[in-house]
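Thanks for coming. I will go through one structure today, starting in the middle of a sheet and working outwards.

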Amino acid sequence: MMNAEKTAAITEIDRLAPKLIEVSHKIHAHPELNFEEHYAHDLLCSVLEEFGLQVTRHAYGVATAFEAVAGLSGPEVLVLLEYDALPGIGHGCGHNVIAAAGLGAGLAAAALAQQVGGRVRILGTPAEEGGGGKIAMARQGAFKTGVAAMMVHPADADLIRMDSIAVHTVDVTYQGKAAHAAAAPWEGRNALDAAVLGYVNVAALRQHIRPSERIHGIFTEAGEKPNIVPRQAAATWYVRSDTISSLQPLKKRVMACLEGATSACGCTMHSQWDDHTYADVRDNMALVGAYVENMTALGRHVTDPRVSGHSVVGSTDMGNVSYLLPSIHPMIKMAPDGVAIHTEEFAHFAGGALGDSAVVTGAQAMAMTVIDLWTKPDLCAQLSSEFAQVTSDIDVLA
Ligand SMILES: [Zn+2]
Ligand SMILES: [Zn+2]
């Protein structure tokens, strides 16, 4: 038997569905990149205001972040919205669905907060695709309070989690010496050779890393003309490992590969690590349990990718949040089996009927989970005792 509060939330989201779907479609039709999500920011803020919520625009020092709070007392639960898109393929990660589902969950929870005795904090978190929007917000205190943080992410299956790994990005620049490549090559020191040897060194390293670890790079600068010995070359590398802790020794090994190339070529190298690292997601299993129960009540079958073998691998700044508060990042089915995120095909489904139903079901499952946290002190206690085990020897906001 569903309790009255959950029934009320489901009914409210059914009533809001046309609005939520309109918002999802509008964001889908206006894809915006990292930190440029002004259209989505303004749209989501104005809908929240339309429903009577107090909204802080440009929250936590991030121009395209926002926050809305409802409820005066009781456990505070965070619902996170993402809305950035990808270059070239628009909403190929389906963040328009994350935004609209979070909006629905937030509005339904806000409508019940007073009556049930809880608080909800709706957070607009931009720039997930590499920009580390949540990390920037965290540095300004966005995740200092709350009993839990949640969001849903679209995929081709209903899963309890994304198999997320930590990632850090580094830009490297090699400096050599230009010379005429035919007339006086002995005068030159070839920076492109150094970049290429660094690339090959990493290829050798890959043989001796964990199967779950990933290192991938591209050349971003490789000389100007074949008859000039390249005086400068550059590359960008992503280094990924299971956890933010195990990532640190791998980064050192990658740097040794990249630097080793300089002595061979008589060049120098400058490296610049990104100002944030994406941590692995530490899913709170007590909270996952509540979410799965609610999804089941809504007629969805959510599986554990580590059991079913149907996994989605990636990295997200929700990982950093999961070290700060008990968190979940479940995947909600929004595309036929086998359609991967970050494809044009996935973008197509994000704006269609499957995306629309993920918006409504995702909103309902999250609103029901918020109500669980408001009404079940035992669940909150379980969450926090499990969260006490989530530690890292690395500062996840460094
Ligand atoms: Zn993505
Ligand atoms: Zn995504």
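Let me begin with strand β3, residues 76-81, which pairs with β4 in the parallel sense over six bridges. One of the positions to look at is Val79, which stands opposite Ile122 in β4. Before going on, please keep in mind that this is a predicted model.

β4 itself covers residues 119-124. How many of its six residues are buried? Six of the six, so to speak of β4 as mostly covered is fair. Arg119, Arg121 and Leu123 point one way from the strand, while Val120, Ile122 and Gly124 point the other way, and all of them are buried. In a regular strand, side chains alternate between the two faces of the sheet. Note that two arginines, Arg119 and Arg121, are among the buried residues here.

Another partner of β4 is strand β2, residues 66-70. Five bridges join β2 to β4, and this pair runs antiparallel. Here Val69 stands opposite Arg121. To put the two pairings next to each other: β2 with β4 is antiparallel, and β3 with β4 is parallel.

Now the whole sheet. Six strands form it, in the order β1-β2-β4-β3-β5-β13, and it is open, with mixed pairing. Which strands are at the edges? They are β1, residues 54-57, and β13, residues 327-328, each of which pairs on one side only. Helix α3 packs on this sheet and touches β2, β3 and β4, with its direction at about 155 degrees to that of β3. At the β13 end, strand β5, residues 148-150, pairs with β13 in the parallel sense over two bridges. Met150 stands opposite Ile328 there.

Next, the other sheet I want to show. Four strands make an open sheet in the order β9-β10-β8-β11, and the pairing is antiparallel. Its edge strands are β9, residues 214-222, and β11, residues 268-273, each pairing on one side only. On average, neighbouring strands in this sheet are turned by 20 degrees against each other, ignoring direction.

Strand β8, residues 166-175, has β11 as an antiparallel partner over six bridges. With β10, β8 is joined by ten bridges, also antiparallel. A good residue to click on is Thr173. Its bridge partner in β10 is Ala234, and its bridge partner in β11 is His270. Further along, Gln175 has Thr268 as its bridge partner in β11.

What lies across this four-stranded sheet? Helix α6, residues 244-265, lies across β8, β9, β10 and β11, and it runs at about 155 degrees to β10.

On to the helix at the start of the chain, α1, residues 4-29. α1 has 26 residues and reaches 37 Å from its first C-alpha to its last, close to the 38 Å expected at 1.5 Å a residue. Where is the kink in α1? There is one of about 55 degrees at Leu16, shortly before the proline Pro18. So much for its geometry; now its surroundings. The buried residues of α1 are Glu5, Lys6, Ala9, Ile10, Glu12, Ile13, Leu16, Leu20, Val23, Ser24, Ile27 and His28. An α-helix has 3.6 residues a turn, so residues three or four places apart point the same way. For α1, the cover over the buried residues includes α2 (38-50), α3 (95-116), α10 (344-350) and α11 (353-375). α3 is thus a helix you have met already, on the six-stranded sheet.

From α11 I pick one residue, Ser357, which sits in that helix. Is Ser357 buried or exposed? Ser357 counts as partly exposed because 17 other C-beta atoms lie within 10 Å, and a buried residue needs 20 or more. Its C-alpha atom is 25 Å from that of Leu33, and the two residues are 324 apart along the chain.

Last, the chain as a whole. The secondary structure comes to twelve helices and 14 strands. The radius of gyration is 23 Å, close to the 21 Å from the globule rule for 398 residues, so the chain is as compact as a globular protein of that length. The C-alpha atoms fill a box of roughly 85 × 40 × 40 Å along the principal axes. Of the 398 residues, 53% count as buried. Among contacts with a separation of 6 or more, 80% are between residues 24 or more positions apart.

That is what I have. I will take questions now.

Note on methods. Residues are numbered from 1 along each chain as its sequence is written. Chains are lettered from A and ligands numbered from 1 in the order in which they are written. This is a predicted model: local features need pLDDT of at least 70, side-chain atom pairs count only at pLDDT 80 or more; totals for chains, interfaces and linings use all residues. The expected span of a helix is 1.5 Å times one less than its number of residues. The bend at a residue is the angle between axes fitted to the seven residues ending there and the seven starting there. A residue is buried if 20 or more other C-beta atoms lie within 10 Å of its own, exposed if 12 or fewer, and partly exposed in between; C-beta atoms are placed from the backbone. Two residues are in contact if their C-beta atoms, placed from the backbone, lie within 7 Å. Two strands pair if DSSP finds at least two bridges between them. Axes are lines fitted to C-alpha atoms, for helices over the stretch in contact, and angles run from 0 to 180 degrees between N-to-C directions. The radius of gyration is taken over C-alpha atoms; the globule rule is 2.2 Å times the number of residues to the power 0.38.
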